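Reader: I would like a close look at a single part of this model, the sheet and what is packed around it. Please take me through it step by step, and then place it in the wider assembly.

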Amino acid sequence: MSLFGMQKFIYEIKKDKALQQSFKSDAEGAMATFALSAEEKTALRDGDLVGLYRRGVHPLLLAPYSRFMGISRPNYKEQLNPLRGTQRMKS
Amino acid sequence: MGKLVFAGGMSHSPGIAAFSKAASESQRNNFFGAARLLSEQLMQAKPDVLVVVAPDHFSNFFIDNMPATCVTLNEVYPGPVEDWLGIAKLEIKGRPALARSILAQAFADGIEPAFSEDVALEHGVIVALQLLTPRFDLPIVWVMQNCQVPPMMSLPRCYAFGRSIRRAIDASDLRVGVLGTGGLSHAPGAAEADDLDPDFDRYFMSLLDKAAVDEILAIPNARLDAAGFGSWEIRQWVTALGAAHDRKPRSLVYEPIVEWDTGCAIAVYE
């Protein structure tokens, strides 16, 4: 289980167009070299915003991930709305 | 003898560029009107270079190696990294000699920023520049401050760093502007993203207008957390305030713009 692995994957996919393409055509292969559990890979592959958010993925990584996954802003907000106030970030 | 010829603070929400029309006409006009005023002040100051103090939103820096602050030394800055901002890819000239002076002065002052000769600009810098220097023809030095992942520089430390930046400016032979960009209340990407905190934002702007530096530096972390983690970016305003410690801040606008997910403010330090 690795929050770091999930966040690292999203950070890399933000920057790496080739990885984006490979994630679309072969998600398992694209994630193979990252330290991810089967559940984490499933959450990433399926666009499971709530699952990723609950696992602690940073909102500033989740938002670009959602754009990459083709999730609209209204849909993003609707999905996260039930989690309002549950995981406020603290400095 | 170098000179600080301009200073200010400004929000930089990506929505300002990417979905500007989503905001109401009145809020949009108020914000863009104030941005034009700030741009005019910048142009009238005839700067050689603008030091932009701005965070990075996981475009160049990640939690595998996160500096508290990083003075960037690019000869040329490419950007924006985001392809959804509605801003075409461009290049902005750097001023690495000034950047190195800022770095050296910081070390002499007991502050040790990281440095990088190879960063790319993202909305945190480019959204503000699009409004202030729409032709992107003013060279910049980007001073990155981590405001995304704790721990972060304290507000007094940011102010001291700003004072140090000012010493480097004064020792240069350039006319220099300093812009702090970030905040105010917002929590981008979070479940509370549209839950702004106008009370905090107005309080912060009122402290600025009173030049109540001690009170600003004493704002508790918990108060910032309550305003949403995007408000951690008042650090950039404070750093710029340190650089402009002998100037008087004046707020130009505040609008809580839910459609941009941001309490949007602009101030000039004159």
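Author: In chain B of this predicted model, eight strands form an open sheet, and their order across it is β6-β3-β7-β2-β8-β1-β10-β9, with mixed pairing. The edges are taken by β6 (114–116) and β9 (249–257) of chain B, each of which has a single partner strand, so one side of each is left without a neighbour in the sheet. Going from strand to neighbouring strand, the average turn of one against the other is 20°, direction ignored.

The mixed character of the pairing can be followed at β1(B), which has β8(B) on one side and β10(B) on the other in the strand order. With β8(B), strand β1(B) pairs in the parallel sense over seven bridges, and within that pairing B:A7 has B:V178 as its bridge partner. With β10 (residues 262–269) of chain B, strand β1 (residues 3–10) of chain B pairs in the antiparallel sense over three bridges. Two positions of this antiparallel pairing can be located on the model: B:G9 has B:A267 as its bridge partner in β10(B), and B:M10 stands opposite B:I266 in the same strand, β10(B). In general, strands of a sheet pair through backbone hydrogen bonds, either parallel or antiparallel. As for its surroundings, β1(B) is mostly covered, with six of its eight residues buried.

Helices lie across the sheet, and two of them can be placed against particular strands. Helix α4(B) lies across β1, β2 (49–54), β7 (140–145) and β8 (175–181) of chain B, and runs at about 135° to β2(B). Ten of the ten residues of α4 (residues 123–132) of chain B are buried, so this helix is largely enclosed by the rest of the structure. Among these buried residues are B:H123 and B:G124, as well as B:V125, B:I126, B:V127 and B:Q130. Helix α6 (residues 198–209) of chain B, in turn, lies across β9 and β10 of chain B, and its direction is at about 170° to β9(B).

The nonpolar interior can be read together with these strands. The largest nonpolar core has 115 residues, and those with the most contacts inside it are B:V51, B:V52, B:I102, B:W142, B:V178 and B:A240. Helix α5 (residues 155–170) of chain B gives the most to this core, namely eight residues. One of the residues with the most core contacts, B:V51, touches B:V141, B:V143, B:I165, B:V176, B:G177 and B:V178, when residues up to four places away in sequence are not counted. B:V178 thus appears both as a contact of B:V51 and as the bridge partner of B:A7 in β8(B).

A contrasting position is B:V76, found in strand β4 (residues 76–79) of chain B. With 10 C-beta neighbours inside 10 Å, B:V76 counts as exposed, because 12 or fewer such neighbours is the limit for that class. Even so, B:V76 touches B:E91, B:K93 and B:G94, again leaving out residues up to four places away in sequence, and its C-alpha atom is separated by 5.7 Å from that of B:I92, a residue 16 positions apart along the chain.

Seen as a whole, chain B contains nine helices and ten strands, and 57% of its 270 residues count as buried. A compact globule of 270 residues would have a radius of gyration near 18 Å, and the 17 Å of chain B agrees with this. Of the contacts in chain B with a separation of 6 or more, 85% are accounted for by residues 24 or more positions apart.

Chain A, by comparison, has seven helices and zero strands, and its radius of gyration is 13 Å, close to the 12 Å that the globule rule gives for 91 residues, so chain A is as compact as a globular protein of that length. Of the 91 residues of chain A, 32% count as buried. Between the two chains, 20 residues of chain A are in contact with 22 residues of chain B. The elements giving two or more residues to the side of chain A that touches chain B are α1 (3–15), α6 (59–68) and α7 (73–80) of chain A, and the largest share, six residues, comes from α6(A). By class, that side of chain A has nine nonpolar, four polar and seven charged residues.

Terms used:
Residues numbered from 1 in each chain as written. Chains lettered and ligands numbered in written order. Predicted model: local features only at pLDDT ≥ 70, side-chain atom pairs only at ≥ 80, totals over all residues. Buried ≥ 20, exposed ≤ 12 C-beta atoms within 10 Å, placed from the backbone. Helix = DSSP H or I, 4+ residues; strand = E, 2+ residues; numbered from the N terminus. Contact = placed C-beta atoms within 7 Å. Nonpolar A, V, L, I, M, F, W, Y, C, P; charged D, E, K, R; others polar. Pairing = 2+ DSSP bridges. Axes fitted to C-alpha atoms, helices over the stretch in contact; angles between N-to-C directions. Core = buried A, V, L, I, M, F, W, Y, C linked by C-beta atoms within 7 Å. Rg over C-alpha atoms; globule rule 2.2 N^0.38 Å.
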